[in-house]
Amino acid sequence: MIEYIPAKTIVTKTKDSSWFGIDYNMNIYKGCCHGCIYCDSRSDCYQVEDFDRVRAKENALVIIRNDLRRKVKKGVVGTGAMSDPYNPFEKELNLTRHSLELIDAYGFGVSVATKSPLLFRDADILESIREHSPVLCKVTVTAADDELAKKIEPAAPVSSKRLALISDLTARGIFAGILLMPVLPFLEDSQENILGIVKAAHEAGARFIYAYFGVTMRDGQREWYLRKLEEIFPGRNLAWQYAKTYQNRYECHSRQAQSLWKCFVRECEKYGILYRMKDIVCAYKRGYEETGQQLSLFDL
């Protein structure tokens with residue numbers, strides 16, 4: 001049974017809309033049970049105790065309704081930044097589904113980030129939102145190989161299931177693509193992995209891939225990540241390699257980042273897949289001109 005925690009507000013204004021054109025953030029759940037070893041949300045600065053335990057916010061739908069009613073300006077509501085909105089509890093609770101219904105009713109757009117095929121359950125509501133506002137679905141895929149994905153994202157659906165989700169969404173005309181981040185140094189930063197993901201994305205009909213060739217590490221998350229590397233990949237001295245290469249840096253770029261970027265861009269352009277943030281934002285918001293209170297692409 002899920003635990004509920006108090007909340008005063010849920011839909012909050014972003015500092016700027018440069019990240020995928022998102023105007024508001026919405027986190028209905030706190031914590032995540034995917035167990036991804038690299039998750040930045042585990043960092044001390046976010047103060048999420050017992051991060052692997054999922055909790056839902058009390059009276060979430062009432063709060064979301066009131067938050068949306070108070071917004072003077074319509075925009076895109078993003079969800080999935082701190083906790084996957086399609087965790088296993090969502091299948092029964094339907095909090096994310098009902099929040100999408102509220103977003104639809106109040107005339108907002110939506111941007112969803114997830115690793116779960118459960119998102120497709122709500123394709124009907126996404127289609128309804130798309131009639132008046134932009135819709136963007138971002139599915140994280142960092143490993144072309146399911147076996148590697150199982151090791152670094154142990155409780156999340158494997159990569160092939162997420163690619164199948166993209167295929168299902170795009171078949172319904174929903175703007176969907178891949179978050180190729182993080183790309184873990186010494187584990188995922190090979191041309192074979194990157195090109196494998198781009199090819200699979202093309203076959204799934206992905207409209208975009210947004211990549212970051214490296215990983216971020218803050219206090220708390222850094223210690224967790226390095227300990228997990230030693231547990232999962234014994235004998236490879238990965239923690240030592242990170243310490244030697246990056247010390248205590250926040251951004252740990254792959255040593256192959258430049259060469260990976262060149263081959264990534266080449267392959268994306270070959271398949272007609274968008275990869276620049278501004279192009280992705282323009283593409284999924286295209287056609288939503290301001291009529292009454294609706295979102296305007298030309299205000300960006």
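What volume does the second largest pocket have? I looked this up before anything else, and the answer is about 160 Å³. A reminder to myself: this is a predicted model, and every value below is computed from it.

**Entry: the second largest pocket**

I listed the lining next. Asn27, Tyr29, Lys30 and Gly31 belong to it, and so do Cys45, Tyr46, Val48, Phe51, Lys57 and Met82. Sorting these residues by class gave me six nonpolar, two polar and two charged.

**Entry: the largest pocket**

Then I turned to the largest pocket, and I noted a volume of about 1300 Å³ for it. I found 44 residues in its lining. Which of them lie nearest the centre? They are Trp19, Ser41, Gly80, Ala81 and Met82. Met82 caught my eye, since I had already written it down for the lining of the second largest pocket.

I also checked which elements give two or more residues to the lining of the largest pocket. My list reads β6 (76-79), β7 (109-114), β8 (135-140), β10 (209-211) and β11 (214-216). By class, I have 19 nonpolar, 15 polar and ten charged residues in this lining.

**Entry: α8 and α9**

On to a pair of helices. I looked at how α8 (residues 221-232) packs with α9 (residues 238-246), and found an angle of about 140° with the axes 8 Å apart. Parallel, antiparallel, perpendicular or oblique? At that angle α8 counts as oblique to α9, because roughly antiparallel would need an angle over 145 degrees.

For the contact itself, I wrote down Tyr225, Leu226, Leu229 and Glu230 on the α8 side. Leu238, Ala239 and Tyr242 meet them from α9. The class count here is six nonpolar, no polar and one charged.

**Entry: salt bridges**

How many salt bridges does the whole structure have? My search returned 18. I picked one to follow up: the side chains of arginine 218 and aspartate 40 meet at 2.5 Å, N to O. Arginine 218 sits in the loop between β11 and α8, and aspartate 40 in the loop between β4 (29-30) and β5 (55-57), so this salt bridge ties together parts that are 178 residues apart in sequence.

**Entry: backbone oddities**

Last, I went through the backbone. Most residues other than glycine have a negative phi, and most peptide bonds are trans, so I was after the exceptions.

- I found a cis peptide bond joining methionine 181 and proline 182, with omega about -5°. Proline 182 belongs to the loop between β9 (176-180) and α7 (191-204).
- Phenylalanine 186 is in the loop between β9 and α7 too, and I noted a positive phi near 70° for it.
- Asparagine 94 has a positive phi as well, near 60°. I located asparagine 94 in the loop between α2 (90-93) and α3 (95-105).

Notes: Residues are numbered from 1 along each chain as its sequence is written. This is a predicted model: local features need pLDDT of at least 70, side-chain atom pairs count only at pLDDT 80 or more; totals for chains, interfaces and linings use all residues. Side-chain values use heavy atoms; hydrogens and water are left out. On a 1 Å grid over the protein atoms alone, a cavity is a set of points where a 1.4 Å probe fits but cannot get out, and a pocket is an open set with protein on both sides within 12 Å along at least five of seven lines; lining residues have an atom within 4 Å of a point. Grid points are joined across faces, edges and corners, and a volume is the space filled by probe spheres set on the points. Helices (H or I, at least four residues) and strands (E, at least two) are DSSP runs, numbered from the N terminus. Ala, Val, Leu, Ile, Met, Phe, Trp, Tyr, Cys and Pro count as nonpolar, Asp, Glu, Lys and Arg as charged, and the others, Gly among them, as polar. Axes are lines fitted to C-alpha atoms, for helices over the stretch in contact, and angles run from 0 to 180 degrees between N-to-C directions. Angles under 35 degrees count as roughly parallel, over 145 as roughly antiparallel, 65 to 115 as roughly perpendicular and the rest as oblique. Contact means heavy atoms within 4.5 Å. A salt bridge is a side-chain nitrogen of Lys or Arg within 4 Å of a carboxyl oxygen of Asp or Glu.
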